[in-house]
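Please read this briefing alongside the sequence and the coordinates. It is arranged by topic, from the chain as a whole to helix packing and then to single residues in loops.

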Amino acid sequence: MRALTGQDEIAFHAPVGGPHGRLAALAASVEGRGIEALSDLTLPEWEEVLLALRRALIGPRIESETDCGDCGAGNALAFSTDDLPREPAAPLPLDGVPLRALRLGDLIALERRGLHGEAALAALLATAAGMEPAQAEARLADPDRETVIAALESAVAGLGLEIGTACTDCGAALVLPLDVAAFLDTELRTRAVTLLDEIHLIAMSYHWSETEILALPVPRRQDYLRRILAARALTEEL
């Protein structure tokens with residue numbers, strides 16, 4: 001797996017499309033394999049790829065925050081992706097028939113169609129249950145909608161990752177599902193926000209072009225930034 005570069009990160013600045021498509025393009029690029037091969041992965045397999053990608057590009061440690069649902073206190077979370085238990089479960093049956101295991105290609109196709117909300121649910125149900133779109137829409141309108149939603153959620157649960165902890169203020173149990181694709185996409189988009197500032201600073205200091213700076217591996221770019229900031233701090237002390 002090659003090193004992450006600014007050229008990879010810039011794709012997450014003002015992104016278009018959906019997270020699975022963006023992350024698949026990134027994984028294909030840094031791993032040197034086609035998106036077609038990735039598209040055939042089941043969702044648990046895809047989340048394993050994303051966890052390995054995150055570990056290689058950023059590291060295994062994740063730091064985040066969440067609010068307690070009982071007392072509202074903020075809680076800091078710190079854990080390693082290596083410690084997350086993997087418990088993929090078979091999709092729940094619907095009307096006595098097991099739902100088809102969805103694949104990455106199904107989610108990318110959904111993103112390309114730009115579907116959201118109820119339309120996305122109906123499209124996923126049609127794919128997983130082998131229904132016509134109109135049948136899926138009608139099935140979601142049935143009185144047992146919650147049963148349908150539960151079955152559909154089980155088909156897209158991936159590895160079924162959850163983070164378990166307790167509120168530091170009131171001690172209430174906190175169990176948080178981890179959507180690996182959504183988390184990593186948000187993380188990369190957050191990093192991309194600062195990328196233009198980093199390009200600007202390096203370009204001002206070394207007079208390199210944007211293309212040259214984006215081609216740098218991320219660790220090398222950070223090394224230059226540290227030197228620039230250290231030199232500035234030294235100048236301010238004098």
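What follows describes a predicted model, beginning with overall values and ending with local features.

The chain has 238 residues, of which 38% count as buried, and its secondary structure consists of 11 helices and 6 strands. Three helix pairs are described below, followed by four loop residues.

**The chain as a whole**

- Taken along the principal axes, the box filled by the C-alpha atoms of the chain is roughly 75 × 45 × 25 Å.
- The accessible surface of the chain amounts to about 13100 Å², and carbon and sulfur atoms contribute 55% of that surface.
- Among the contacts in the chain with a separation of 6 or more, 61% come from residues that lie 24 or more positions apart.

**Helix 2 against helix 4**

- Helix 2, which covers residues 19–31, packs on helix 4, which covers residues 43–57, at an angle of about 60° and with the two axes 11 Å apart.
- Because of that angle, helix 2 counts as oblique to helix 4, and the crossing of the two helices is left-handed.
- On the side of helix 2 the contact is made by His20, Leu23, Ala24, Leu26, Ala27, Val30 and Glu31, while helix 4 supplies Trp46, Val49, Leu50, Leu53 and Leu57.
- Sorted by class, the residues in this contact of helix 2 with helix 4 are 10 nonpolar, 1 polar and 1 charged.

**Helix 2 against helix 9**

- Helix 2 also meets helix 9, and here the axes come within 10 Å and cross at roughly 75°, so helix 2 is roughly perpendicular to helix 9.
- The residues of helix 2 in this contact are Pro19, His20, Arg22, Leu23 and Leu26, and their partners in helix 9 are Ala181, Leu184, Asp185, Leu188 and Arg189.
- The class count for the contact of helix 2 with helix 9 is 6 nonpolar, 1 polar and 3 charged residues.
- His20, Leu23 and Leu26 are listed for helix 2 in the contact with helix 4 and are also listed for helix 2 in the contact with helix 9.

**Helix 9 against helix 11**

- Helix 9 (residues 180–206) and helix 11 (residues 218–237) have axes 10 Å apart and pack at an angle of about 60°, which means that helix 9 is oblique to helix 11.
- In passing helix 11, helix 9 makes a left-handed crossing.
- From helix 9, the residues Arg191, Leu195, Glu198, Leu201, Ile202, Ser205 and Tyr206 take part, and they meet Val218, Arg221, Gln222, Tyr224, Leu225, Arg227, Ile228, Leu229 and Arg232 of helix 11.
- The residues of this contact between helix 9 and helix 11 comprise 9 nonpolar, 2 polar and 5 charged ones.

**A buried loop residue, Leu41**

- Leu41 is placed in the loop between helix 3 (35–39) and helix 4, and since its relative accessible area is 13%, under the 20% cut-off, Leu41 counts as buried.
- Once neighbours within four places in sequence are set aside, the contacts of Leu41 are with Trp46, Val49, Arg103 and Leu104; of these, Trp46 and Val49 are also among the helix 4 residues that meet helix 2.
- Between Leu41 and Thr147 the C-alpha to C-alpha distance is 26 Å, with their positions 106 residues apart in sequence.

**Exposed loop residues**

- Ala14, in the loop between helix 1 (6–9) and helix 2, has a positive phi of about 50° although it is not a glycine, and with 64% relative accessibility, over the 50% cut-off, Ala14 counts as exposed.
- Asp95, which is likewise not a glycine, has a positive phi of about 55° and is located in the loop between strand 3 (93–94) and strand 4 (97–98).
- The relative accessible area of Asp95 is 55%, so Asp95 is exposed.
- Glu87 belongs to the loop between strand 2 (74–80) and strand 3, and its relative accessibility of 57% is why Glu87 counts as exposed.
- Glu87 and Thr66 are separated by 21 residues in sequence and by 23 Å in space, taken C-alpha to C-alpha.

Technical notes
Residues numbered from 1 in each chain as written. Predicted model: local features only at pLDDT ≥ 70, side-chain atom pairs only at ≥ 80, totals over all residues. Heavy atoms only, no water. Axes fitted to C-alpha atoms, helices over the stretch in contact; angles between N-to-C directions. Parallel < 35°, antiparallel > 145°, perpendicular 65-115°, else oblique. Left-handed = near helix turned anticlockwise from the far one by under 90°. Contact = heavy atoms within 4.5 Å. Nonpolar A, V, L, I, M, F, W, Y, C, P; charged D, E, K, R; others polar. Buried < 20%, exposed > 50% of the residue type's maximum accessible area, 1.4 Å probe, protein only. Areas by Shrake-Rupley, 256 points an atom, 1.4 Å probe, with all protein chains shown as cover.
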